[in-house]
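This report walks through one structure, from a pocket to strands, a helix, loops and cysteines. Read it with the coordinates open.

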Amino acid sequence: MTERTTAQRSTQEWQAADAAHYLHPFTDFKSLAAKGSRVIVSADDIYLRDSDGAKILDAMSGLWCVNVGYGRTELIEAATRQMTTLPFYNSFFQTATPPAIELAELLAQVTPPQFNHVFFSGSGSEGNDTIVRMVRRYWDVLGQPERSVIISRNNAYHGSTMAGASLGGMSGMHEQGGLPIPGIVHIEQPFWFELGQDMSRDAFGLKAAGWLEEKILELGADKVAAFIGEPVQGAGGVIVPPDSYWPEIQRICDRYGVLLVSDEVICGFGRTGHWFGCETFGFKPDLMTFAKGVTSGYVPLGGVMVGDRIANVLIEQGGEFNHGYTYSGHPVACAVALANIRVLQRERIVERVHDDTGPYLAEQFATLMDHSLVGEVQTCGLMGAVQLVKDKATLATFDPALSIGMVCRGHCFGNGLIMRAVGDRMIVAPPLVITRAQIDEMMALIRRCLDLTLADVRTHGWA
Ligand code: PXG
């Protein structure tokens, strides 16, 4: 390969090299190679630029993570400074680095009061591996090793490592590689549109939480270590549970002594309009997984906030916890996280989502209900979902074989908007710095893509 700089390669050249060597995550390698990747070369604020020079509004914040937007000098300078001073040192052998210590301290401040300790990982998946190790260790230390089962939910996403994918409730992932690993079981999700249309949302929320109680009773409470859930299911399609759901989950976990784990990888750091999703939904987890928004995705970092109930046992009685990652507390990642959290604080970004842009997004999304393809809209803070339906009156859905969501996503792709399709649910999670004017711009693009999709439906007689 002759040496050429980024700017000198054409899109076709990038695509050829990509197809020849790069296996992408969650991708059908062969079909992508035939089609060619879209190559993203730069970004600023909430906009991406591809290798053809097209400007794209990134309504997914990279992958639910670039919460403070692209091009923030505070984060870039923090990384540069830390790389210059100390690019790496570990925390294994009775050592630590200033950024890791300071971040631990700051996280204890910005998280709910029961959290005073953190265990760092490199990603959300690794964080959830830590969760599995830690909850089982907790019950071991307490002399109840048989209390090892973790209950999760169908259509949850908790990552792609063996433990992460097992905790997740994605059947397509379980099919590949003999998952879930033993000791992880799933209950149904609190998805009103799919499972609860015959009752009120709140009645359905109580029913869905009741599935947890049924499962605990079926297994025996003395076998159940923990329950894990995302406050709002993100990758599952921005499924906002009824208000009645989480308080009832809390009551059930308390009643049976089951640890409550909130996977805040998407919801954490302001996405729902509070610092953490558990605050939006009014529950008090024992553990929280985080990643993504902790650094706004500028560098990889994840971890687990460990509540006092668990930390006290592990610290006072646990002895050595035989677990950790090379990059636990990586100083550059921690320095960037510190800068990121300070930006969130200084610019009152979480408050802005809560008081201004979140309610504005909700208002704007509600107007989409006048579109003939739209059967339901849901938002929470700065995440939103639009459910596409074949028949508005009956809420009948399209034949899944038509992949109507992918048709719509294709129009987004072609019209300068990044929006995800999860089945027939179109979802957004724009950077938390998005302005009202930019929300208007995003809404106009969403409408245009819905109209184009409707035109396809009519042309092909799909409805
Ligand atoms: N928990 C949750 C709630 C997540 O959303 C993870 C854990 C795993 O984090 P890492 O850093 O290991 O990827 C996630 C990740 C999608 C999509 O298609 C969502 C995620 C990752 C990739 C794709 O919406 N979320």
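The second largest pocket of this predicted model has a lining of 27 residues. Ser91, Val118, Phe119, Phe321 and His323 are the lining residues nearest its centre. The space in this pocket comes to about 930 Å³. By class, the lining of the second largest pocket holds 16 nonpolar residues, ten polar and one charged. Three elements each give at least two residues to that lining: helix H5 (98-110), strand S4 (115-121) and helix H13 (308-317). S4 provides the largest share, with four residues.

**Strands and sheets**

Strand S15 spans residues 425-428 and is covered on both faces. Arg425 and Ile427 are buried on one side. Met426 and Val428 are buried on the other. This split fits a general pattern. In a regular strand, side chains alternate between the two faces of the sheet.

S15 has antiparallel pairings with two strands. One is with strand S12 (residues 383-388), through four bridges. There, Val386 has Met426 of S15 as its bridge partner. The other is with strand S14 (residues 420-422), through three bridges. In that pairing, Arg420 is bridged to Ile427 of S15. S14 and S15 form a hairpin with two residues between the strands. Within this hairpin, Gly423 takes a positive phi near 60°.

Which strands make up the open sheet with mixed pairing, and in what order? There are four, arranged S1-S2-S3-S13. S1 and strand S13 (417-418) are the edge strands, each pairing on one side only. S13 runs parallel to strand S3 (residues 55-58), and two bridges connect them. Asp58 faces Ile418 of S13 across this pairing.

**A largely enclosed helix**

Helix H14 covers residues 331-346, which makes 16 residues. From first C-alpha to last it reaches 22 Å. That is close to the 22 Å expected at 1.5 Å a residue. How much of H14 is buried? The count is 13 of its 16 residues, so the helix is largely enclosed by the rest of the structure. After H14 comes Arg348, with a positive phi near 50°.

**Loops and backbone geometry**

Two loop residues other than glycine have positive phi values and are set out below.

| Residue | Phi | Loop between | Relative accessible area |
|---|---|---|---|
| Asp45 | near 60° | S1 (40-44) and S2 (47-50) | 27% |
| Lys292 | about 30° | S9 (287-290) and S10 (302-307) | 24% |

Asp45 is partly exposed. Lys292 is partly exposed as well. The loop of Asp45 joins S1 and S2, and both strands belong to the open sheet described above.

A cis peptide bond occurs between Leu179 and Pro180, with omega about 0°. Pro180 sits in the loop between helix H8 (171-174) and strand S6 (184-187).

Is the loop residue Gly237 buried or exposed? Gly237 is buried, at 0% relative accessible area. Its loop runs between strand S7 (224-229) and helix H11 (245-256). The C-alpha of Gly237 is 19 Å from that of Pro25, and the two residues are 212 apart along the chain.

**Cysteines**

How many disulfides does a search of the whole structure find? The result is zero. Two cysteines illustrate this. Why is Cys267 unpaired? Its closest cysteine sulfur, in Cys380, lies 6.7 Å away, so the distance is too far for a bond. Cys267 is also buried, at 0% relative accessibility.

Cys449 is in no disulfide either, and its nearest cysteine sulfur belongs to Cys412 at 3.9 Å. A disulfide requires two cysteine sulfurs within 2.5 Å, so the 3.9 Å between Cys449 and Cys412 does not qualify. Cys449 is buried too, with a relative accessible area of 1%.

Terms used: Residues are numbered from 1 along each chain as its sequence is written. This is a predicted model: local features need pLDDT of at least 70, side-chain atom pairs count only at pLDDT 80 or more; totals for chains, interfaces and linings use all residues. Side-chain values use heavy atoms; hydrogens and water are left out. Buried means under 20% relative accessible area, exposed over 50%, partly exposed in between (1.4 Å probe, protein chains only). On a 1 Å grid over the protein atoms alone, a cavity is a set of points where a 1.4 Å probe fits but cannot get out, and a pocket is an open set with protein on both sides within 12 Å along at least five of seven lines; lining residues have an atom within 4 Å of a point. Grid points are joined across faces, edges and corners, and a volume is the space filled by probe spheres set on the points. Ala, Val, Leu, Ile, Met, Phe, Trp, Tyr, Cys and Pro count as nonpolar, Asp, Glu, Lys and Arg as charged, and the others, Gly among them, as polar. Two strands pair if DSSP finds at least two bridges between them. The expected span of a helix is 1.5 Å times one less than its number of residues.
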